[in-house]
Amino acid sequence: MYFKTGQLDFAHQAYANALVLFDGYHSANAGLGRVQAAQGNTDEAIAYYKRAQASVPLPEYAAALYALYLQSGKPAEATKQLNLIEVVDRLARATGEKTNRNLALIYADRGQRLDRALDLIREELKVRQDVYTYDALAWALYKNKQYSEAQQAMERALKMDTPEPSFFYHAGMIALAQGRKPDAAKALTRALDLNPKFDPIQAPIAKQKLAETTASSK
């Protein structure tokens, strides 16, 4: 919650405290990676994410490392992380796994394998009908250019007004696709107010789109 609301120093301390209680806890290492990335400390962020990945090779850790390696000018290392994501997905298929919200978001963020992203999240919706699943569904639908359906899912995701920057970023991008510029500006502003560095790739896009939307409204 500290990270999502842009309180990076407090987030850092909370994740560090978690590691004191449970040495090597992968979620805490990944959390410290997110904080370091938001603070512009790319090398440190990579080191923490690698520790998290060494414990549990989750696709979201590979996606984070992919973005960080690109930022640090290491395309070969970034490609290895993309390959790892594909391996994880193939293993999941082999074991009959049909649901994976995080993997669906990764594919949607990258704009690749969008049919697979939509399949994964629709299957997850059958068992988990929470705001995070509806947000992922909205984002996958948006990337598949199904804007009306994306808006309906986004409304379900926002019904609790959860302080999640990515929710409002997704809502803003969907509103832009529908030509609703005032709604887009409001949502993108909320996302960046919560945490202007919520994601190393998506946050800069949010800033750019907000600037463009604001300029075109003058």
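Here is a friendly exchange between a student and a tutor about this predicted model.

Student: How many helices and strands does the secondary structure of the protein chain come to?
Tutor: Happy to start there. From the N terminus on, the elements run α-α-α-α-α-α-α-α-α-α-α-α. The secondary structure of the protein chain thus comes to 12 helices and 0 strands.

Student: What radius of gyration does the protein chain have, and what does the globule rule give for 218 residues?
Tutor: For a sense of extent, the C-alpha trace spans about 50 × 40 × 35 Å along its principal axes. The chain is as compact as a globular protein of its length, because its radius of gyration is close to what the globule rule gives for 218 residues: the values are 17 Å and 17 Å.

Student: What percentage of the 218 residues is buried?
Tutor: A residue counts as buried when its relative accessible area is under 20%. V131 in helix 8 is one example, with a value of 12%. Over the protein chain, the buried share of the 218 residues is 46%.

Student: How far apart are the C-alpha atoms of V131 and F167?
Tutor: Along the chain, V131 and F167 are 36 residues apart. In space, their C-alpha atoms are separated by 9.2 Å.

Student: Which residue meets R101 in a salt bridge?
Tutor: Side chains of opposite charge can pair when their charged atoms come close. Here the N to O distance is 3.2 Å. R101 lies in helix 6 (residues 101-110), while its partner sits 29 residues away in the loop between helix 7 (114-125) and helix 8. R101 is buried at 14% relative accessibility, and the partner, partly exposed at 27%, is D130.

Student: Which parts of the chain does the salt bridge of R190 and D161 tie together?
Tutor: The two side chains meet at 3.1 Å, N to O. R190 is partly exposed at 29%, and D161 is also partly exposed, at 41%. The residues are 29 apart in sequence, so the bridge ties together helix 11 (residues 181-194) and the loop between helix 9 (147-157) and helix 10 (165-177).

Student: Is K126 buried or exposed?
Tutor: K126 meets E123 in a salt bridge of 3.0 Å, N to O. E123 has a relative accessible area of 26%, so it is partly exposed. K126 has 59%, and because the cut-off is over 50%, K126 counts as exposed.

Student: Which residues are linked in a network of salt bridges?
Tutor: A search of the whole structure finds 13 salt bridges. The network is made up of E86, D89, R93, R113 and R116.

Student: What is the angle between the planes of W139 and Y142?
Tutor: The structure holds 8 aromatic pairs. W139 and Y142 form one that is stacked, with 4.9 Å centre to centre. Both residues are buried, and they are separated by about one helical turn because they are 3 residues apart in helix 8 (residues 131-143). The angle between their planes is 10°.

Student: Which residues form one aromatic cluster with W139 and Y142?
Tutor: Beyond that pair, the cluster takes in further aromatic residues. They are Y147, Y169 and F198.

Student: Which residues make the nonpolar surface patch of about 370 Å²?
Tutor: One member, Y25, lies in the loop between helix 1 (8-21) and helix 2 (26-38). Y25 is partly exposed, at 32% relative accessibility. The patch is made by L21, F22 and Y25.

How values were computed. Residues are numbered from 1 along each chain as its sequence is written. This is a predicted model: local features need pLDDT of at least 70, side-chain atom pairs count only at pLDDT 80 or more; totals for chains, interfaces and linings use all residues. Side-chain values use heavy atoms; hydrogens and water are left out. Patches are made of residues with over 30% relative accessible area and no salt bridge: like charges are joined within 9 Å, nonpolar side chains (Val, Leu, Ile, Met, Phe, Trp, Tyr) within 5 Å. Accessible areas come from the Shrake-Rupley method with a 1.4 Å probe; for residues, only the protein chains shown count as cover. A salt bridge is a side-chain nitrogen of Lys or Arg within 4 Å of a carboxyl oxygen of Asp or Glu. Helices (H or I, at least four residues) and strands (E, at least two) are DSSP runs, numbered from the N terminus. Buried means under 20% relative accessible area, exposed over 50%, partly exposed in between (1.4 Å probe, protein chains only). Rings of Phe, Tyr and Trp (its six-membered ring) pair if their centres lie within 6.5 Å; planes under 30 degrees apart count as stacked, over 60 as edge-to-face and the rest as tilted. The radius of gyration is taken over C-alpha atoms; the globule rule is 2.2 Å times the number of residues to the power 0.38.
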